[in-house]
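Please describe the fold of this protein chain, with attention to one of its strands and to the surroundings of the ligand.

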Amino acid sequence: FTKTKVGLLGSAKKVESFIEESSIPEVAFIGRSNVGKSSLINSTTQRGLAKTGNRPGTTQSINWYQISNSLRLVDLPGYGFAFAAEEKLETWGELINTYLTTRKTLKCVFVLVDPRFGLKDSDRQLLKLLDQQKIKTHVVMTKCDLMTQDHLAKRHFIITQEIEQLHHSVVPIIMVSAKNLAGMGDFLNAVKRFKLK
Ligand code: GDP
């Protein structure tokens, strides 16, 4: 993506503040708090737009980035609390739900997973919701520099099998590291496929 066009379009802490939909497609990034989402967004946009190291559970928002004239990147709040059964649904849980169930310009959701921990219940619930909504889904294994190739391959296998139980469509799995940029080419190609033609 060319640097000049990247910028924050808007931010919403409540459903009423969602930015207006346009003809430009949106791809959304989502994952548990601390999964490495901000780092990945920054590697994608090369601009340091997303704040990294946010404390989990603090007030969060949906952020829209214009990454070219033909694509918007949507940074959804980190979860891990809102989806837990014992927790009251927080405002940002409602934000995520509303965005995922109503956004017409949403083309694909990239679900970020830390391969060291694998899929958690919150991830499973999200994948089921995406399946129900028939939203195209990719899974991104983050922080791959922290694991050996052997471990990664095993995790990839387990996650693939689990996803088959949760999601009826093909869910490609991409392995990346925002630290050493391994896999970034494949990841960017997957994102760019949703650009307005
Ligand atoms: P977020 O809460 O999902 O936005 O996660 P952040 O991007 O803020 O990252 C959480 C922590 O993981 C930070 O300390 C990052 O430096 C670290 N981190 C993120 N991506 C990577 C990665 O690819 N490799 C390694 N080793 N650390 C990472």
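From the N terminus on, the protein chain follows the order β-β-α-β-β-α-β-α-β-α-β-α, which comes to five helices and seven strands, where helices (H or I, at least four residues) and strands (E, at least two) are DSSP runs numbered from the N terminus. This is a predicted model, in which local features need pLDDT of at least 70 and side-chain atom pairs count only at pLDDT 80 or more, while totals for chains, interfaces and linings use all residues. Residues are numbered from 1 along each chain as its sequence is written.

Of the 197 residues of the protein chain, 35% count as buried, that is, with 20 or more other C-beta atoms, placed from the backbone, within 10 Å of their own. Strand 2 (residues 26-31) is largely enclosed by the rest of the structure, because six of its six residues are buried. On one side these are Glu26, Ala28 and Ile30, and on the other Val27, Phe29 and Gly31, so that both faces are covered.

Strand 2 pairs with the strands below, pairing being counted if DSSP finds at least two bridges between two strands.

| Partner of strand 2 | Bridges | Sense | Opposite residues |
|---|---|---|---|
| Strand 4 (residues 71-75) | Four bridges | Parallel | Val27 and Leu73 |
| Strand 5 (residues 106-113) | Six bridges | Parallel | Phe29 and Phe110 |

Around the ligand there are 19 residues, of which Gly36, Lys37, Ser38, Ser39 and Thr52 come nearest; a residue belongs here if its C-beta atom, placed from the backbone, lies within 6 Å of the molecule. Helix 1 (residues 37-45) gives the most to this shell, with three residues.

Note on methods. Buried ≥ 20, exposed ≤ 12 C-beta atoms within 10 Å, placed from the backbone.
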